[in-house]
Amino acid sequence: MNPKNKRPNILFALADDASHFSAYGHIFVNTPHFDRVAHAGILFNNMFTTNPKCAPSRASMLTGMHTWQLKEACTHWCVFPGPDEFAVYPDLLEDAGYHVGFTGKGWAPGDYERNGRKHNPAGPEYNDITLTPPEGSLIADCDYAANFEDFLSKRAGDQPFCFWYGGKEPHRAYTAGEGQRHGKKLEDVTEVPPYWPDEQLVREDMLDYAFETEWFDSHLGKMLALLEERGELENTLVVVTSDNGCPFPRVKGQMYDDDFRLPFAAMWAAQVKSGQTCDDLCSFIDLAPTFLELAGVEIPKEWPGKSLTDVFQGLDAGRDRALMGRERHDMGRENDAGYPVRCIRTPQYLYVRNFEPTRWPAGNPETGFTNCDSSPTKTRILELHEQGVDFYYEQAFGKRPLEQLFDVKKDPYCMTDLATDPAFAETKAALWEELKAKLEETGDPRIFGNGGIFDTYEYCSDAPHSWANYATATWEPQVY
């Protein structure tokens, strides 16, 4: 698509746990800079993560591979496999002459040094410049935009660059009420998802999340302005998205559409027509091949991801399937076992296969549901459960059957499970056969009866989440 001597710069902006940007009509957040990228390029309506938690989602972005193909990197808080096992696109671009770096949160959380990587898989780190966060907030003190400027100052001449802006927002924790203290208004929350109680406390929690999402967007705006001032925005591919859904019950870490269908926009004034929307089903495994193709770098043959350049050109790409999965996220079950799931999404249906339905999907009750971030919303759902109101508890924390099926066109919140409805028996069976064939084709250990290997990989957090620490004085049931 782009001649090798006109290689684009790449600015990849990645929010941490964000589901909502105002370009999609979410009026309780105001993200003018994401919206600018969407209006000046392409707004994607169906971009999917491969695994709805930070580290495994980011691993698929970096490698162009399905989460179950990535060994340890399929799990959360892992030791990232070494460069002899998996290539990552920042290294390949660096080898091809690009100036590469990241600010904020790169690939994380986990350990990338132990297996011989010279720096974070997202690139060399630029995090030296700090700032004073907004008063009364827990926003990170990293000055993302200033670190981007520092990065640009260190490249040679007109060397093309690839920069990963990894905002640490809107990841929890928040200071309760920070959104309203900084001007957010309760009346702007016009809709609360049906799986959360529609109460003022929940709406306030949503405003705190919105405020931190806007902080991420504000630094994106500063970066765009810097490139514009330097006359480099036109030949810069700008991609903006999030690693997984918002840090609320039944979203982050869980296998429903609101977690793995994510906001995504891309602009490149030199090559991509403005004002486009894309309804094709695309995946994070498509990012790394896109960046390599545009840079004129050979795409590794083992990558199943497909470059998005056909979408950029406005072609009918025929992308009508997305695959997702998960294994072990955070601890909190007997013997530190994970919660294995595989999914297939079509334009109309989401089919979910929960391989261990006797386990708790968000962690065990007695350990505090450690695969759900602590929050006022979580606390309120647990309080209602204690009072005998079980609906929200079952939606967020309850056990799930072997198979689930949702008509996402009619039921975008995935509230009505059709898996036991005889009218959908053929659809369910056909989707399982299609999913199973794809898992076999891509070498998924889970489908070949060796899925237990994912629970043997080291959990390298120093947080006391291990089952062995449960009910001791050091136990802290909080997901970090």
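This briefing covers one strand and two buried loop residues. The model is predicted. Strand 7 spans residues 236–242 and is largely enclosed by the rest of the structure, because seven of its seven residues are buried. Arginine 117 and glutamine 69 sit in loops, the former between strand 5 and helix 4, the latter between helix 2 and strand 3.

**Strand 7 and its pairing**

- In a regular strand the side chains alternate between the two faces of the sheet.
- On one side of strand 7, the buried residues are Thr236, Val238, Val240 and Ser242.
- On the other side, Leu237, Val239 and Thr241 are buried as well, and both faces of strand 7 are thus covered.
- Strand 1 (residues 9–15) pairs with strand 7 in the parallel sense, over seven bridges.
- Strand 8 (residues 261–267) pairs with strand 7 in the antiparallel sense, over four bridges.
- Valine 240 takes part in both pairings: its bridge partner is alanine 13 on the strand 1 side, and alanine 265 in strand 8.

**Arginine 117**

- The loop that holds arginine 117 runs between strand 5 (110–111) and helix 4 (144–153).
- Arginine 117 has 6% relative accessibility and therefore counts as buried, the cut-off being under 20%.
- Two backbone oxygens lie by polar atoms of the arginine 117 side chain: that of proline 81 at 2.8 Å, and that of phenylalanine 86 at 2.6 Å.
- Not counting residues up to four places away in sequence, arginine 117 touches Phe80, Pro81, Gly82, Pro83, Phe86, Val88, Asp91 and Tyr112.
- For one of these, proline 83, the C-alpha atom is 6.3 Å from that of arginine 117, with the two positions 34 residues apart along the chain counted as their separation.

**Glutamine 69**

- Glutamine 69 belongs to the loop between helix 2 (54–63) and strand 3 (78–79).
- Its relative accessibility is 16%, so glutamine 69 also counts as buried under the 20% cut-off.
- The glutamine 69 side chain reaches the backbone nitrogen of histidine 66 at 2.9 Å.
- The glutamine 69 side chain also reaches the backbone oxygen of threonine 442, at 3.3 Å.
- Leaving aside neighbours within four places in sequence, glutamine 69 is in contact with Phe86, Pro304 and Thr442.

**A shared contact**

- Phe86 is among the residues touched by arginine 117, and Phe86 is also in contact with glutamine 69.

Notes
Residues are numbered from 1 along each chain as its sequence is written. This is a predicted model: local features need pLDDT of at least 70, side-chain atom pairs count only at pLDDT 80 or more; totals for chains, interfaces and linings use all residues. Side-chain values use heavy atoms; hydrogens and water are left out. Buried means under 20% relative accessible area, exposed over 50%, partly exposed in between (1.4 Å probe, protein chains only). Helices (H or I, at least four residues) and strands (E, at least two) are DSSP runs, numbered from the N terminus. Two strands pair if DSSP finds at least two bridges between them. Contact means heavy atoms within 4.5 Å. A polar contact is a pair of N or O atoms within 3.5 Å; within protein, one must be able to donate a hydrogen and the other to accept it, and residues adjacent in sequence count only if both atoms are side-chain atoms.
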